[in-house]
Amino acid sequence: PNVDAKFWSIDMLATEINLNYNFLARDYLDLPIDTGQIVAVEIFKKEFSRSGKEGISTPLDNTFLYRDIERGQLLEDLTETDFVIISGQSGVGKTRFALETLLNFVSIHSEYHLWCLSNKCAPLESDLVRYLDKNTDSILFIDDGNRVDNLKQIIHFYKEERNGRLKIVITVRDYALT
């Protein structure tokens, strides 16, 4: 009798599990696999800079000047509220301003962990649970919120009961704010 056999190398099996069955790795192998969307500031900056090479984004490595009043206001807002939206025209420096201020905030409030959303248009739930521990104070920075499909997942996660605080800062283009 003819037998149809397919041989799988370990890397083929790992890729298949990662792409199509990551719940198996999580539930049976205790290996959580995330989508790489919740990242540290340094990784966010690198990914942002790569997109800027096509001339799409304003660089994040330029000198930060002349925003002391606005930065002071954002620092005050962050101490008073958990949800902040920064709006403005494309290219005015919303991302740079937000990151600079958030880094300043976490240097003052060292109990907070700062994470950035690197949008890859994939479901976010497992990443949110993995990185934004409900017992830890965290800040999630979302750049170009008008381009993020998963905002409902983030809002739902924000509303869940937690022991730690979760602050969300979103930049959005002014035309998309309304």
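In this predicted model, the side chain of Thr171 places a polar atom 2.8 Å from the backbone nitrogen of Asp144. Thr171 belongs to strand β5, which spans residues 166-173. Its relative accessibility is 0%, and Thr171 therefore counts as buried, the cut-off for that class being under 20%. Leaving aside residues up to four places away in sequence, Thr171 touches Phe141, Ile142, Asp143, Asp144, Gly145 and Asn146, and also Ile86, Lys94, Thr95 and Ala98. Asp144 thus appears both in this list of contacts and as the partner whose backbone nitrogen lies 2.8 Å from the threonine side chain.

Helix α5 comprises residues 94-108, and its axis comes within 10 Å of that of helix α4, residues 68-80. The two axes cross at roughly 55 degrees. Because this angle falls outside the ranges for roughly parallel, perpendicular and antiparallel pairs, α4 is oblique to α5. The crossing of α4 past α5 is right-handed. On the α4 side, the contact is made by Glu70, Arg71, Leu74, Leu75, Leu78 and Thr79; α5 contributes Phe97, Glu100, Thr101, Leu102, Asn104 and Phe105. Sorted by class, the residues of this contact are six nonpolar, three polar and three charged.

A further position to examine is Ser49, located in helix α3, residues 41-52. Ser49 has a relative accessibility of 38% and so counts as partly exposed. Twelve residues separate Ser49 from Asp61 in sequence, and their C-alpha atoms are 8.7 Å apart in space.

Technical notes. Residues numbered from 1 in each chain as written. Predicted model: local features only at pLDDT ≥ 70, side-chain atom pairs only at ≥ 80, totals over all residues. Heavy atoms only, no water. Axes fitted to C-alpha atoms, helices over the stretch in contact; angles between N-to-C directions. Helix = DSSP H or I, 4+ residues; strand = E, 2+ residues; numbered from the N terminus. Parallel < 35°, antiparallel > 145°, perpendicular 65-115°, else oblique. Left-handed = near helix turned anticlockwise from the far one by under 90°. Contact = heavy atoms within 4.5 Å. Nonpolar A, V, L, I, M, F, W, Y, C, P; charged D, E, K, R; others polar. Buried < 20%, exposed > 50% of the residue type's maximum accessible area, 1.4 Å probe, protein only. Polar contact = N/O pair within 3.5 Å; in protein donor to acceptor, adjacent residues only side chain to side chain.
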